[in-house]
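Thanks for taking a look at this model with me. Please keep the view open while you read the points after it.

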Amino acid sequence: QPALDVAAVRQDFPILSRQVHGKPLVYLDNAATSQTPRQVIDAFDDYYSRYNANIHRGLHTLSDEATAAFEGTRETVRAFLGAADARQIIFTRGTTEAINLVANSWGRANLKAGDEVLISMLEHHSNIVPWQLLAAEIGFTLKVIPVDERGALDQQAYRALLSERTRLVAVNHVSNALGTVNPVAEMARLAHEQGALILVDGAQATPHQRVNVDAIDADFYAFSGHKIYGPTGVGVLYGRRELLEAMPPWQGGGEMIKTVSFDSPTTFAAIPHKFEAGTPAIAEVIALGKAIEWIEGVGIEKIGAWEGELLAHATQEVQAIDGLRILGTSPEKAAVLSFVVDGAHSQDIGLLIDQLGVAIRTGHHCAQPLLAQFGVDATCRASFAAYNTLEEVETFVAALQRVITMLR
Ligand code: PMP
C-alpha cells in the first residue's frame, strides 16, 4: 500500500500553520487531544448556519435534517467499530462517561459483595475511579493485573487472577501513559471462559489502528471523539445488544422514555435512546462523523503505519541522549513515547521545550498507580498523529537536547 501523504494530510489542519513563541508549532500531545481537520471544523459552521435544531422531535425540516445527520453518524460509528447493529452505539460525553455509564447501569444491576472486577495497572484514572466508587458502595473487590518492567500486562498473573468470582475485566486497549498495546482479544477469550464480561477502553487505540469489536469479542468498548481528530464533548459506548437491552437506564430525562406517568410506572425507550437522556451534543456528534470519514478517507492502516515510523525514529534518536530512560518498552506499542531524564525534571523540560514551539505532555498522565510502580511521579510524553513528520521528530529531539543541557 502507498505510504501516507503527510503533506496532503497537513493541508487539512489549519492549526498546524500557527506559531508558538515565534516558532512553528510542533504538536506532539496527540494522546491528550488530537488536532482537528477543516472538514470537522466546517461541520460546526454548516450545522449552526443551516440546520441547528433539536433532534428526534421531528415535524419540521431543520429537526429532520439534524436527526438524519445525527443518526447517520451512529451508522458511521457502527461501521468504524465493525459492530453489527447501530443500536449498539451510544453517544456519551467521552470515554469517561462511557465507563461511568457501564459502572452505574450494568455495575449496579449486576455486581454484589463477594464479586470481583479486574482492572489493570495500566489504566487511566477514568477506568479506575468509577470502579473504586462503586466498590466502596457495593462491596465487591477490585483486583489489579500487574505490569512487567516493559510496561506490558503480566498475562500469567491475569490468568491467575481470573476466577469464577470475576464478573468483569475492564482494561485499556492501548495505554495512554506508555503506549503498550494490550492483547485484548485474547484477554476477552480468557474472561469469557470464566463467565466474565470485558470492557475495553479504546481511547488510545481508535486513533491508531483498525478496531473490530466483534473480532475482539468485546462486551463494551469506549472511545472519545477528541482523540480521533473529532471534537471534545462527544464519545461512544459500544455494548453487546443483549447486555444493553437488559441494563437499566442510568440518567433519566427527555429522549430516553417511552411514556411518563404519575399513575403507572414510567417506561423507557429502546436502545440506544434509553441511554441518551436529554439533548445530546448534536453538532459534536455530527462532527465526529466527519472525523471518522476523514480517517477512513486517509486510511487508518496508513495512519498507524506512519505513526509507527515516527515512533521508531523518535525512539532511536532519544535513546542516544545520555541519562534518558524510556518507560514502556513492550514490542507492542502505539504512537506514545514516555521518558524521564536524569538531572532534569519532567515539568521543567515541558515548560522549556514549549518555548521552542514543541508541545509535549508532562505529568502523571492520569495513571498515578502505574507511574508509582516505575518509581516516578511524572514523565515527559511525546505522542504522534497522522500529520506529524520526521522533520518534526528531529526538531523535537534537538529541542530536547538543548533543554536538557540548559537544565543540567
Ligand atoms: N482512557 C484512556 C486510555 C485515555 O487516554 C483517556 C484520555 N486521556 C481517557 C480514558 C479519558 O478520556 P476522556 O477524557 O476523553 O473521557
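Here are some numbered notes on places to visit.

1. A word on the ground rules: this is a predicted model, in which local features need pLDDT of at least 70 and side-chain atom pairs count only at pLDDT 80 or more, while totals for chains, interfaces and linings use all residues. Residues are numbered from 1 along each chain as its sequence is written.

2. Start with strand 10 (residues 235-239), where five of the five residues are buried, so the strand is largely enclosed by the rest of the structure. Buried means that 20 or more other C-beta atoms lie within 10 Å of a residue's own; exposed means 12 or fewer, partly exposed is in between, and C-beta atoms are placed from the backbone. Cover is found on both faces of strand 10: G235, L237 and G239 are buried on one side, V236 and Y238 on the other. Strands (E, at least two residues) and helices (H or I, at least four) are DSSP runs, numbered from the N terminus.

3. Which strands pair with strand 10? Strand 4 (residues 89-92) does so in the antiparallel sense over four bridges, and strand 9 (residues 220-224) also runs antiparallel to strand 10, joined by five bridges. Pairing here requires at least two DSSP bridges between two strands. Y238 is a good residue to click on: I89 stands opposite Y238, and Y238 is also the bridge partner of Y221.

4. Next, the ligand. Around it are 14 residues, the closest being G94, T96, H124, N176 and S224; a residue counts as near if its C-beta atom, placed from the backbone, lies within 6 Å. The shell has 11 polar, two nonpolar and one charged residues. Here Ala, Val, Leu, Ile, Met, Phe, Trp, Tyr, Cys and Pro count as nonpolar, Asp, Glu, Lys and Arg as charged, and the others, Gly among them, as polar.

5. Finally, some backbone details. Most residues other than glycine have a negative phi, and most peptide bonds are trans. I271 and P272 are joined by a cis peptide bond, with omega about 5°; P272 is found in the loop between strand 12 (267-268) and helix 10. Phi is positive, near 55°, in H365 and likewise near 55° in C366. H365 lies in the loop between strand 16 (361-363) and helix 13 (368-373), as does C366. Buried or partly exposed: which is H365, and which is C366? H365 is buried, with 23 other C-beta atoms within 10 Å, whereas C366 is partly exposed, with 17.
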